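Student: Could you walk me through this protein, one question at a time?

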Amino acid sequence: GQYPSLAAVVLFTDGITTAGDDLPAAGVEAARAGVPLYVVGLGDAREKPDLLLSDLQAEEVVSANDEVVFQARLTARGPDAPRSVPVTLFEKRGDKLVERGRVQATPDPAGNPVPVEVRFTPTEPGERTFVLDVPVQPGEADAANNRAERTVVVAESKRVRVLLVEGYPRYEFRFVKSLLEREAEGRVGGKEVELKTVLLDASRGWADTDRSALPDFPSRDALFEFDAVILGDVDPRQLPRGARAAQDLADFVRVRGGGLLVVAGEHAGVAALADTALADVLPVAPTEGAVPRPTPEAAPLADGYRPRPTATGLTHPLFRFAPGEQESRRIGAKLQPLLWFATGYRRKLGAEVLAAHPDRPAEGGPAGENHPLVLQQFAGRGRVLFVGYDETWRWQWRDDEEHFNRYWKQAVRVLSRSRLGRIDLRLDKPTAYRRDETITVTVRFPDDAPAPPADAPVRVAVRHTPPPGSGPPGGGDETTLQLAKVAGSRATYRAAMARTPEGVYRFRLAEPQGIDPIPRAEATVLPPRAELDQLDPNRADMARAAAESRGRFYSLADADEVPDDLPDVPRVPLNQPCPPVPLWNQPALYALLAALLAAEWLLRKRERLL
């Protein structure tokens, strides 16, 4: 019968791969061949101490005199974790590191990550690079993961002029007006605020008694002096020169580059704006058959809900209740539920949904989408936000007032600032790579600028320069990476380079063009690790390779079980099914040997060697 040539492989290794495919890949290939791997691990299995800083997060764009909160996770691995370590925030100033803050952190001996927070208030505008660092411990396995970097764009601080327009004094208007007036005396997001309000349903003389009130909706020139407009529950017909005022607001967004926030209400709906110039800049449109004015609810509202931020919304400043995404989610999930939300509209194709209703399906939208509640759209030089609820004042319940304040401060900041966000081109590792290690390139477009069109390519040019002495002077080559949009993201694109020989790689954004400054990044690829660079065994890879091949992983303590676990297969007989041949009794062999001896004697005689 036919027997396999190889029944199993017994492998003695420390699991460290210096070049080529790793052990798990070998396990996959062994499984395809039907050959299990019985891996016996060698080396000292005691884990070396290691401190790891990860998940560094901070605001990407702030204003001068804003407090920036740097949050990260500190993980201690291995035995004898330190009880307390200093975590220091540095700012890069040329070739120097200038200390900007320091806290003491207590690592978890069990190896669980602990949060770390360092605060700093930059006063000078510009692009600043910050480094969060923990000191290297004696015998630490990897010193490169003891620091993390973050770039923050500090914009110049300026006075922000905000116009709040409302039809009647509903609760949302009162609480927002009170907050912005209170903050106008101090600072909102590091910027001084000047608030003006227009209440269309106010009695005569209200503007004479209220310090922020205007007697009438401002003219076009006066409107263009503002940085942001918050438009409440207003029917355009309530405005003096309603059609002209709507056109001025649309031009305020498109031409002036201002920010417009529309807060829905129970009196005027989206359909009331459909026949005005504002319809073109709004991120929503009325659904078919929607009435211009919302109808009263048939029964009192009793079922509360919480707006559910989308993947795009979680990265948007409006729903960033804390610097960390997980903490921001936790805060949003515990805020007081809302009761009312607007209906009778659908999102436009070019709009970005920042938050949706957790249960209600979208009206007239794609199947599977929930009703959008907060949407964003860029129009011309400015941006428009639409909020389909008016009960954020409920978020002032007890200790949650700071989250209500942060929500509206962030709204003012988003609406008022020019496009300050920088396109971010980054690599997946802050340290050097090894030969043939995959380099992942990510390009993220900021949330205060439109995303590239769906059919527009995003490409990164890569220039490779080999190490000195490994090629002709000035050698190297340039390639182009085509990036694909990351599923579920607003405007994040990614690609990977698999074949990476040694040298220096310089990355720059090639498309879209016309971006100044051009985003860039740089990486160094080193030769493979030497045999003695890493002495501790890689137990994870060894166990995975054995599992992939349907074999087993052993330590030296239980290696004696290997013979018992080897597959029981029939022995392959070494003898052949034929009678033995008496080789030395063959006359032909005797004749051949005699001929060889005679030939040697003749050659020696001829050459006179005898």
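What follows is a round of questions and answers about cavities, a sheet and aromatic rings.

Tutor: Before we start, this is a predicted model, where local features need pLDDT of at least 70, side-chain atom pairs count only at pLDDT 80 or more, and totals for chains, interfaces and linings use all residues. Residues are numbered from 1 along each chain as its sequence is written, and side-chain values use heavy atoms, with hydrogens and water left out.

Student: How many cavities of 30 Å³ or more are there?

Tutor: A cavity here is a set of points, on a 1 Å grid over the protein atoms alone, where a 1.4 Å probe fits but cannot get out. Points are joined across faces, edges and corners, and the volume is the space filled by probe spheres set on them. Counting this way gives 4.

Student: Which kind of residue, nonpolar, polar or charged, makes up 6 of the lining of the largest cavity?

Tutor: That cavity holds about 70 Å³, and its lining residues, those with an atom within 4 Å of a point, include Arg306, Phe319, Phe321, Gly332 and Trp395. Ala, Val, Leu, Ile, Met, Phe, Trp, Tyr, Cys and Pro count as nonpolar, Asp, Glu, Lys and Arg as charged, and the others, Gly among them, as polar. The lining splits into 1 charged, 2 polar and 6 nonpolar.

Student: Which element gives the largest share of the lining of the second largest cavity?

Tutor: This one has about 60 Å³ of space, and Leu164, Glu166, Phe173 and Trp408 are among its lining residues. Helices (H or I, at least four residues) and strands (E, at least two) are DSSP runs numbered from the N terminus, and strand 11 (160-166) and helix 2 (171-184) each supply at least two lining residues. The largest share, 3 residues, comes from helix 2.

Student: In the open sheet of 4 strands, which strands stand at the edges?

Tutor: Two strands pair if DSSP finds at least two bridges between them, and the order is 21-23-27-26 with antiparallel pairing. Each edge strand has a single partner, so one side is left without a neighbour in the sheet; the two are strand 21 (424-427) and strand 26 (484-485).

Student: Which residue in strand 23 stands opposite Arg426?

Tutor: Strand 21 and strand 23 (residues 439-444) run antiparallel and are joined by 4 bridges. Across from Arg426 in strand 23 is Thr442.

Student: Which side chain does Gln71 contact?

Tutor: Gln71 lies in strand 5 (residues 68-77). With a relative accessible area of 17%, Gln71 is buried (under 20%; exposed is over 50%, partly exposed in between, with a 1.4 Å probe and protein chains only). Its side chain makes a polar contact (N or O atoms within 3.5 Å, one able to donate a hydrogen and the other to accept it; residues adjacent in sequence count only if both atoms are side-chain atoms). The partner, at 2.9 Å, is the side chain of Glu117.

Student: What geometry do the rings of Tyr305 and Phe341 have?

Tutor: Rings of Phe, Tyr and Trp (its six-membered ring) pair if their centres lie within 6.5 Å; planes under 30 degrees apart are stacked, over 60 edge-to-face and the rest tilted. The structure holds 13 such pairs. Here the centres are 5.5 Å apart and the planes at 90°, so the pair is edge-to-face.

Student: How many residues apart are Tyr345 and Phe386?

Tutor: Their ring centres are 5.0 Å apart with planes at 70°, so this pair is edge-to-face. Tyr345 is buried at 0% relative accessibility, and Phe386 is buried at 2%. The pair links strand 17 to strand 20 (residues 382-387), and the separation is 41 residues.

Terms used:
On a 1 Å grid over the protein atoms alone, a cavity is a set of points where a 1.4 Å probe fits but cannot get out, and a pocket is an open set with protein on both sides within 12 Å along at least five of seven lines; lining residues have an atom within 4 Å of a point.
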